[in-house]
Amino acid sequence: MTDQGATTKRIFSGVQPTGGLHLGNYLGAVRNFVDLQSDYECVYCVVDLHAITVWQDPTKLADQTREITAAFLAAGIDPKSSIIFNQSQVRAHAELGWVFNCVARVGWLNRMTQFKDKAGKNREAASVGLYGYPVLQAADILAYLATHVPVGEDQKQHLELTRDIAGKFNNDFGVDFFPMIEPLIMGAAARIMSLRDGSKKMSKSEASDMSRINLHDDADAIANKIRRAKTDPQALPGAEVLDADGAITDAFAKERPEAANLVTIYAALGRQSLHDVLNDLAGKSFSDFKGMLTERAVDQMAPIGAEMQRLMNDPGHIDTVLKDGAERARGIADPVINQVYDIVGLLRA
Ligand code: TRP
C-alpha cells in the first residue's frame with residue numbers, strides 16, 4: 001500500500017468561519033501557522049462544514065469564510081507555498097467523514113467534552129453534525145495523510161480520537177495506510193484574556209468590542225482599546241511573579257488578572273520571555289507600560305489590519321486564492337479517498 005506524503009512532514013490545521021479573528025487567535029494559532037511554513041508542507045483550511053454544525057446565516061457565511069482567508073493572507077501565510085482553501089470545495093472531507101462515521105464508535109464520541117460544552121443542557125436538540133464534529137475533523141487531517149497538527153489545548157481530545165480512528169481503520173482493514181498524527185500543542189500565548197476583564201478569555205462572542213483587538217482593527221482602534229483597557233492601581237511587578245518554568249503563577253494571575261494579561265500580550269507580541277519582559281518592566285507605572293504596549297501592538301497588528309481591509313475590498317482575489325488552493329488540495333485528497341474506497345471495497349466502476 002502506498003502511503004504518499006507520510007514520509008514528508010505535512011501540517012494540517014483548520015479554523016472555523018464563525019466570526020472574525022482576534023489577537024488571541026493570532027498569537028495562539030495564526031502566527032504559528034505562518035512560522036511553520038518554513039519547516040513543513042502546510043495545508044490550512046477554513047472549515048465551513050464544521051461551522052454549519054451550529055446555525056449560520058447563509059447570507060453571511062461566505063463573507064466569514066473570506067474574512068478568515070484574508071486574515072491568513074494578511075498575517076503572512078503564503079498561498080503559493082502553502083495550501084489555503086475552504087473545506088466544502090473539496091468533497092473528500094465529507095466522503096472520508098462518512099467512512100469514518102462507520103469506523104468511530106458511539107462510545108468514543110460520548111466521551112468528547114467539547115460536544116458536552118457546546119450542546120449544553122439541551123443535548124437532544126443539538127445537530128447530529130455537532131455530535132459527529134470530531135469525526136469530520138479526523139477526516140480533514142487524514143485526507144491529507146498529515147503528520148502534524150497545530151492546535152490549541154482544547155483540541156487535544158479530538159486529536160486523540162483522530163489517532164483512534166486511524167488505528168482502528170488500519171487494524172480493521174489490515175493496512176498500514178493512515179499515519180499516527182502528532183499534535184503540536186500551541187501553548188502559553190494562547191491564554192490571551194479580555195481587555196475589560198482579565199479573568200475571561202478574549203472572545204469573539206463577548207458583547208463589548210472593546211474587550212478584544214480584532215485582526216482587522218486599524219491603528220486608532222488598537223491604540224484606543226489599549227488606552228481604555230482595564231488596569232489596577234499598582235506598579236508592574238518583576239520576575240518574582242514567575243514560577244520555575246517561567247510562567248506567571250496562578251496566585252498572581254488571580255490577584256492581578258489585568259496586569260498578568262497585558263504583560264503576557266506584550267511578551268508574546270515581542271516574542272520575548274516573560275522573564276526578560278518583567279525584568280524590564282518592574283516598577284513601571286501602567287501609564288508608561290501602556291505606551292510601550294501600544295507601540296508594540298500597533299507596529300505588529302496595524303499592518304495586518306490594513307492588509308485585511310485591502311483584501312476584503314477585493315473578494316474576487318480571495319475567491320481565486322481559495323479556488324487555486326482547493327484544486328491543489330484535491331490533488332492530494334482525491335487519490336487518498338480513492339484508495340480508501342478501494343480498501344473498504346466500495347466499487348468504483
Ligand atoms: N475543531 C477545530 C477548532 O475548533 C477546527 C478544526 C476543524 C481543525 N478541523 C480541523 C483543527 C483539523 C485542526 C485540524 O479549533
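Let's start with strand E3, where Ile 83 is the bridge partner of Val 43. Val 43 brings in strand E2, residues 41-46, which runs parallel to E3 and is joined to it by 4 bridges. When I say strands pair, I mean that DSSP finds at least two bridges between them. The names are DSSP runs too: helices are H or I with at least four residues, strands are E with at least two, and both are numbered from the N terminus.

A quick word on what we have on screen: this is a predicted model, where local features need pLDDT of at least 70, side-chain atom pairs count only at pLDDT 80 or more, and totals for chains, interfaces and linings use all residues. Residues are numbered from 1 along each chain as its sequence is written, and side-chain values use heavy atoms, with hydrogens and water left out.

Back to E3. Are its faces covered or open? Both faces are covered. Ile 83 and Phe 85 sit on one side, Ile 84 and Asn 86 on the other, and all of them are buried. Buried here means under 20% relative accessible area, exposed means over 50%, and partly exposed is in between, with a 1.4 Å probe and protein chains only.

Now to strands E4 and E5. E4 covers residues 148-151, E5 covers 182-185, and the two run parallel with 4 bridges joining them. One example is Val 151, whose bridge partner in E5 is Ile 185. To get from E4 to E5 the chain passes through helix H8, residues 156-173, in a right-handed β-α-β crossover. Right-handed means that, with the strands pointing away from the viewer, the path from the first strand over the helix to the second runs clockwise.

Next, the aromatics. The structure holds 13 aromatic pairs. The rule is that rings of Phe, Tyr and Trp (its six-membered ring) pair if their centres lie within 6.5 Å; planes under 30 degrees apart count as stacked, over 60 as edge-to-face, and the rest as tilted. Phe 85, which we met in E3, pairs with Tyr 144: the ring centres are 6.0 Å apart and the planes are at 50°, so this pair is tilted. Because Phe 85 is in E3 and Tyr 144 is in the loop between helix H7 and E4, the pair ties together parts 59 residues apart in sequence. Phe 85 and Tyr 144 are both buried.

A second pair is Phe 115 with Tyr 131. Their centres are 5.2 Å apart with planes at 80°, so this one is edge-to-face. Phe 115 belongs to helix H6 and Tyr 131 to H7, so parts 16 residues apart in sequence are tied together. Phe 115 counts as buried at 10% relative accessibility, while Tyr 131, at 22%, counts as partly exposed. There is also an aromatic cluster made of Phe 100, Phe 169, Phe 173, Phe 177 and Phe 178.

Some rings have a charge over them, meaning that NZ of Lys or CZ of Arg is within 6 Å of the ring centre and within 35 degrees of the ring normal. Lys 9 lies over the face of Tyr 40, at 4.6 Å from the ring centre. Arg 296 does so over Tyr 266, at 3.7 Å.

What about empty space? The second largest pocket has a volume of about 310 Å³. Its lining has 15 residues, with Asn 101, Gly 129, Gly 132, Tyr 133 and Leu 136 lying nearest the centre. H7 gives the largest share, 7 residues. For the method: on a 1 Å grid over the protein atoms alone, a pocket is an open set of points with protein on both sides within 12 Å along at least five of seven lines, a cavity is a set where a 1.4 Å probe fits but cannot get out, and lining residues have an atom within 4 Å of a point. Grid points are joined across faces, edges and corners, and the volume is the space filled by probe spheres set on them.

Last, two backbone oddities. Leu 145 is not a glycine, yet its phi is positive, about 45°. Leu 145 is in the loop between H7 and E4, and it is buried, with a relative accessible area of 0%. Arg 271 also has a positive phi, about 50°, without being a glycine. Arg 271 is in the loop between helices H11 and H12, and at 52% relative accessible area it is exposed.
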